[in-house]
Amino acid sequence: MARSAILNVMVQAAMKAGRSLARDFGEVQNLQVSLKGPGDYVSQADRKAEEIIYAELKRARPDYSFLMEETGAVEGTDGQHRWLVDPLDGTTNFLHGIPMFAVSIALERQGQIVAGVIFNPAMDELYTAERGGGAFLNDRRLRVSGRTKLVDSIIGTGVPHLGRGDHGNYLLQLRNIMGEVSGVRRMGAAALDLAYVAAGRFDGFWEDGLNPWDIGAGIIMIREAGGYVTDLNGGQDVVESKAIVAGNEAVQKALVKALKKPI
Ligand code: IPD
Ligand code: CA
Ligand code: CA
Ligand code: CA
């Protein structure tokens with residue numbers, strides 16, 4: 001597997017931030033933690049990892065723009081390229097000592113995602129993808145699952161946390177899906193959920209209320225692994241709509257339909 005120079009930059013940044021997260025994970029009880037809103041935590045570890053990624057990417061491509069979860073937007077002079085950075089996806093897991101968390105970095109060129117990296121340092125799993133070059137877990141090429149029926153499928157999802165308003169609507173979606181699939185999983189890190197779809201571990205996934213930094217890398221990971229990603233209505237406006245439905249072709253289409261079923 002030959003990686004491009006820019007993908008190597010992204011891998012170096014993700015791994016350096018991941019090593020910092022792994023150190024902080026070992027001493028999680030000593031970290032400063034604050035609330036951004038109900039059920040929405042941020043810690044020193046998130047901020048430190050974001051600083052590391054920003055410094056690495058900025059050094060390699062000084063002109064590119066950024067959209068980062070903790071710092072927000074930083075405009076560059078280039079006008080064509082933007083980094084989407086989630087320094088720690090799965091903060092709540094991390095703070096509870098659950099090793100399901102990851103660094104997620106995507107690169108957009110003229111509004112299209114062209115490369116993505118997701119790194120779970122606790123499991124030493126590095127997911128990489130470039131447009132037209134396939135998706136990989138460490139050195140292994142990824143392919144979405146081959147199951148075609150919902151009844152055989154394991155579907156991942158994200159449950160809205162305390163501060164997110166749409167709990168009633170989510171329960172309707174969950175009821176529709178529970179009635180048709182083999183099982184539902186909630187891991188607590190959207191970037192890893194999407195990586196698991198790319199790896200064929202989950203047959204599909206849906207969640208509403210996600211941000212570009214949560215899903216940028218996961219979207220290209222799944223597409224390069226032969227999968228499909230749309231918004232809740234089957235449209236392509238995934239990053240803007242904040243809602244994502246993913247899977248192999250058959251499961252993804254069946255999920256879009258099942259989610260819309262009137263109760
Ligand atoms: C969160 C996780 C979670 C999802 C939330 C995200 P964070 O990201 O991806 O699985 O349900 O909507 O905000 O805050 O841990 O980076
Ligand atoms: Ca967060
Ligand atoms: Ca996130
Ligand atoms: Ca985060």
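Colleague: Contact means heavy atoms within 4.5 Å. Which residues does Y54 touch that way, leaving aside its neighbours within four places in sequence?

Modeller: Leaving those neighbours out, Y54 is in contact with F66, M68 and V74. Before we go on: this is a predicted model, with local features needing pLDDT of at least 70, side-chain atom pairs counting only at pLDDT 80 or more and totals for chains, interfaces and linings using all residues, while side-chain values use heavy atoms and leave out hydrogens and water. Residues are numbered from 1 along each chain as its sequence is written, chains are lettered from A and ligands numbered from 1 in the order in which they are written.

Colleague: Got it. Where does Y54 sit?

Modeller: In helix 2, residues 44-60. Helices here are DSSP runs of H or I with at least four residues, strands are runs of E with at least two, and both are numbered from the N terminus.

Colleague: And why does Y54 count as partly exposed?

Modeller: Because its relative accessibility is 27%. Buried means under 20% relative accessible area, exposed means over 50%, and partly exposed is in between, with a 1.4 Å probe and protein chains only.

Colleague: How far is Y54 from L35?

Modeller: Their C-alpha atoms are separated by 23 Å, and the two residues are 19 apart along the chain.

Colleague: New topic, helix 5. Is it mostly covered or mostly open?

Modeller: Mostly covered: nine of the nine residues in helix 5 (190-198) are buried. Among them are A190, L192, D193 and Y196.

Colleague: What comes just after helix 5?

Modeller: G200 does, and G200 takes a positive phi of about 80°.

Colleague: Now the sheet with strand 12. What's the strand order?

Modeller: The order is 12-11-13-15-14, five strands in an open sheet with mixed pairing. Two strands pair if DSSP finds at least two bridges between them.

Colleague: Which strands stand at the edges?

Modeller: Strand 12 (183-185) and strand 14 (228-230); each has a single partner strand, so one side of each has no neighbour in the sheet.

Colleague: How do strand 11 and strand 12 pair?

Modeller: In the parallel sense, over three bridges, with strand 11 covering residues 154-157. One bridge joins I154 to G183 in strand 12.

Colleague: Which helix packs on that sheet?

Modeller: Helix 8, residues 249-260, and it touches strand 11, strand 13 (204-207), strand 14 and strand 15 (244-247).

Colleague: Last topic: empty space. What lines the largest pocket?

Modeller: There are 26 lining residues, and D40, D89, T92, H161 and R164 lie nearest the centre of that pocket. Strand 2 (40-43), strand 5 (81-89), helix 3 (91-95) and helix 6 (212-224) each give two or more residues to this lining.

Colleague: And the second largest pocket?

Modeller: That one is lined by 15 residues, with G111, Q112, I113, R223 and V239 closest to its centre. Strand 7 (112-120), helix 6 and helix 7 (238-241) each supply two or more of the lining residues. Helix 6 gives the most, four residues.

Colleague: Which residues line the largest cavity?

Modeller: G158, P160, R164, D166, N169, Y170, Q173 and D208. On a 1 Å grid over the protein atoms alone, a cavity is a set of points where a 1.4 Å probe fits but cannot get out, a pocket is an open set with protein on both sides within 12 Å along at least five of seven lines, and lining residues have an atom within 4 Å of a point.

Key:
Axes are lines fitted to C-alpha atoms, for helices over the stretch in contact, and angles run from 0 to 180 degrees between N-to-C directions.
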